[in-house]
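Colleague: Could you walk me through a few backbone features here? I'd love to hear the reasoning behind each one.

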Amino acid sequence: MSTDLARWQFATTSIYHFLFVPVTIGLAFLVALLQTSWYKNDNPTFKRLTKFFGTLLLINVAVGVVTGLVQEFEFGMNWSNYSRFVGNIFGGPLAMEGLAAFFLESTFLGIWIFGWDRLSKKLHLTCIWLVAGASMLSALFIMAANSWMQHPVGYVMNSQHQPVLTDVWALFTNPVFLWAYPHVILASLVTGAIVMLAFSAWHLKRNNSVAAFRRTAIISVAVLAPAIFLNMFIGSELGVVEGKYQPMKIAAAEALWTTCDSHCPFSVFQIGGGNNDQTPTQIWEVPDLLSILATNHPDGEVQGINNLQAQYVKEYGPGNYIPNVFIQYWGMRVMAYLAALIALFALWGLWLIRRKTLTKAKWFLLIAPWFAIAPFLMNTAGWLLTESGRQPWIVQGLMKTSQAASPSVTSTDIWISLTVFVLLYAALGVADVYLMIHYGRQELEPSGEDGGGGDGDSDPSRPDSSDDSDDDRVPALIY
Amino acid sequence: MVYLNNIWFIIIAVFWVGYFVLEGFDFGVGMLHSFVGHDDVERRVVVNSIGPIWDGNEVWLIVAAAAIFAAFPSWYATMFSTFYLALLLVLVALIVRGVSFEYHRKIDNPRWRSTWKWSLTIGSALIPFLLGTALGDLLHGLPIDSSHNYTGSFWGLLVPFGLYTGLTLTVLSLFLGSAYLCLKTGGELHDRVAKLSGRLGWLAALITFGWLTWIHVGLGVGFVPNPLEALALAAVVGAALLAESHSEGWAFAAAATAIGSVVGSIFFELFPRVMVSSTNTAYNLTVSNSASPSYTLKVLSVIAIIFFPLVLLYQGWSLYTFRKRIISGPATASTPAPDPAGPPDSTDSTGAPLASVEDG
């Protein structure tokens with residue numbers, strides 16, 4: 001019971017945290033691109049755009065950082081047996097993340113926010129690139145740790161049957177990590193690009209600063225299109241790798257109960273299914289596609305859930321080794337279908353750019369703001385697929401989730417914390433979305449002070465308080 | 001390589017000391033800002049004094065926790081599950097406080113502003129209190145069984161010595177924050193803070209003296225204070241005197257030394273234990289029975305040797321970049337943003353006319 005609650009809490013807080021992570025990784029990179037354009041051609045429009053999207057970035061960083069703290073603490077708070085058992089391996093990447101990446105990101109983000117008037121343009125630009133790079137580096141260590149749970153490597157079992165790290169390098173050459181890390185980074189770029197596109201489209205639809213937002217719309221489509229196509233390829237390769245090391249995950253994702261020898265069809269849509277229904281009604285199947293997805297060959301064999309279950313019982317002793325098939329089947333499909341939809345949307349954008357009609361494309365501009373929901377659903381579905389598919393293991397083949405929780409933490413404790421997190425996160429979510437919409441709808445700030453001998457009436461009209469980040473108002477409070 | 005676990009104990013102690021020194025003044029500033037700032041502009045000046053650096057300072061806590069996880073997994077497992085609900089409160093405080101820095105100024109609405117103002121104030125007070133209580137508890141001892149699991153309830157965590165340690169670190173943070181603000185503000189605001197700092201110094205000295213007495217009388221560790229404890233007492237009394245006589249730079253340095261050596265003393269007294277079991281001393285967690293194997297510690301050492309000096313370097317540079325006083329000149333209230341303090345590219349000299357740096 002308390003293990004289930006601990007799982008609910010970890011799932012809730014992780015999913016919530018990962019709504020913010022990809023936006024911040026993606027937007028940090030895009031904001032750095034914008035600021036680089038400003039640095040290179042001294043066009044004040046790019047400075048205004050940098051500040052506009054920089055503000056949106058900071059609104060999300062604020063929540064992303066603090067919800068990340070929860071994740072780190074939860075390993076010890078809720079999963080103390082797990083932490084004790086594998087801390088000598090799993091803790092390493094977390095400590096490296098803090099020392100190598102998180103210090104860098106946090107320190108230079110602070111300098112960037114407050115450094116507009118204190119640093120040279122070049123140094124200030126370096127700061128945002130360090131932030132963008134550090135956030136990707138941070139993800140690298142977290143993904144190395146996560147991949148180890150999917151496919152443990154670089155250890156031996158000691159005399160107390162505990163895994164002990166023997167080769168740290170193996171953590172970073174883990175095949176699951178090598179595919180999962182770029183998968184996450186590209187998903188982040190997709191998310192950031194769609195968010196940028198959404199706000200650009202909203203303004204273009206209303207003819208606000210068309211010249212400026214046309215640029216960000218083009219930049220975001222230019223990042224989005226290659227990122228989504230590349231990521232669909234990487235995602236399918238990751239599926240092949242996981243099929244090798246976690247065949248049960250893939251079998252469950254296809255709701256394939258009995259092993260299929262070759263030319264396995266892919267189920268596009270089914271009615272029913274789940275752990276208690278081994279014969280759902282297939283609505284649409286594509287021949288050979290499952291074999292191709294799972295093995296890269298049309299005649300490849302895909303193992304079935306029942307066969308794997310029997311095999312695991314022989315290997316690990318009696319028990320239920322089947323994850324939640326419904327979550328697997330639909331997690332995989334929601335992720336993949338949304339990716340396909342996003343890819344089509346990116347193609348539409350490219351076609352409009354080529355025809356030079358992007359700024360007048362009524363339907364595209366109308367849909368784009370709403371389309372921003374898609375990557376968040378896609379990312380969440382992907383994580384459900386990969387994490388729920390690992391069950392009943394917390395570390396594949398080494399430790400079961402049921403053995404991992406904290407013995408001293410009661411169900412009451414977790415009810416309290418889960419309630420607190422849900423309420424607090426809901427409030428934060430409302431504040432974040434409210435601020436995103438509020439700031440995302442504001443006009444670009446007038447190109448006041450910089451470069452081209454600004455226009456006079458920049459400020460008095462503006463309300464003293466609301467506006468953009470500290471940078472412009474801090475001169476009022478001179479350092 | 002047996003000694004590596006001792007070294008990692010020291011490194012972790014250094015992270016905690018660094019965290020309380022750096023976030024200590026952030027906490028103090030956070031607690032003070034709603035009281036010393038009389039209007040929005042003044043509160044903004046106060047909060048902006050830590051605006052660029054608080055986030056980087058907070059990472060010291062994250063790294064302290066992650067280093068315990070990696071180097072002493074059993075310590076991490078026992079400590080974090082033991083303090084479950086207390087850490088929940090710490091997380092809530094860290095969350096509302098962290099978000100308030102960014103969200104506070106975003107909307108000009110009295111209720112919005114006041115919500116985040118109090119989030120920052122209360123969060124800044126709760127975190128040092130709760131973490132201080134936890135550190136005090138480590139030393140005092142808690143009921144821990146033979147498999148290193150806590151057997152008490154949430155109320156069992158509220159050990160008087162722990163609570164008093166929390167109070168000590170909160171008051172020291174408050175004092176350190178006031179000393180920091182003396183260095184970072186000007187005008188009327190500065191005078192208010194300086195007066196307050198003089199008084200807080202003596203309060204901090206009194207409470208610290210009580211804490212040291214408690215360790216030696218109450219916890220029975222002998223009469224002779226260890227060098228860090230002696231340093232803590234000397235530093236806090238010195239800081240109080242210096243704050244009173246307005247030697248602001250030295251007062252800040254002494255107050256930072258005081259809070260750092262108080263935290264250091266806790267680890268000094270703990271060693272070689274990392275968590276004391278009040279059930280049976282045989283169940284104590286120690287640097288030997290909770291450490292990772294030597295290969296892990298070697299890997300971590302390599303990482304620390306490469307990255308830690310870099311961190312010190314760029315965090316130092318960040319402090320240096322934002323070293324100047326923040327002064328809200330009389331003109332500012334009426335004309336906020338437009339008048340840039342200088343041409344955008346003149347880098348460091350911007351704003352120099354109004355800013356001044358004194359003493360050292």
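Modeller: Happily, and we can begin with a helix pair. The axes of H1(A), residues 2-41, and H2(A) come within 7 Å and cross at roughly 150°; axes are lines fitted to C-alpha atoms, for helices over the stretch in contact, with angles from 0 to 180 degrees between N-to-C directions. Helices are DSSP runs (H or I, at least four residues) and strands are too (E, at least two), numbered from the N terminus. This is a predicted model, where local features need pLDDT of at least 70, side-chain atom pairs count only at pLDDT 80 or more, and totals for chains, interfaces and linings use all residues. Residues count from 1 along each chain as its sequence is written, while chains are lettered from A and ligands numbered from 1 in written order.

Colleague: How are H1(A) and H2(A) oriented to each other, roughly parallel or antiparallel?

Modeller: Their axes cross at roughly 150°. Angles under 35 degrees count as roughly parallel, over 145 as roughly antiparallel, 65 to 115 as roughly perpendicular and the rest as oblique. H1(A) and H2(A) are therefore roughly antiparallel.

Colleague: Where is the kink in H2(A) centred?

Modeller: The bend at a residue is the angle between axes fitted to the seven residues ending there and the seven starting there. In H2(A) the kink is about 30°, and its centre is Glu72(A).

Colleague: Is Ala255(A), with its positive phi of about 50°, buried or exposed?

Modeller: A residue is buried with 20 or more other C-beta atoms within 10 Å of its own, exposed with 12 or fewer, and partly exposed in between; C-beta atoms are placed from the backbone. Ala255(A) has 25 such neighbours, so it counts as buried.
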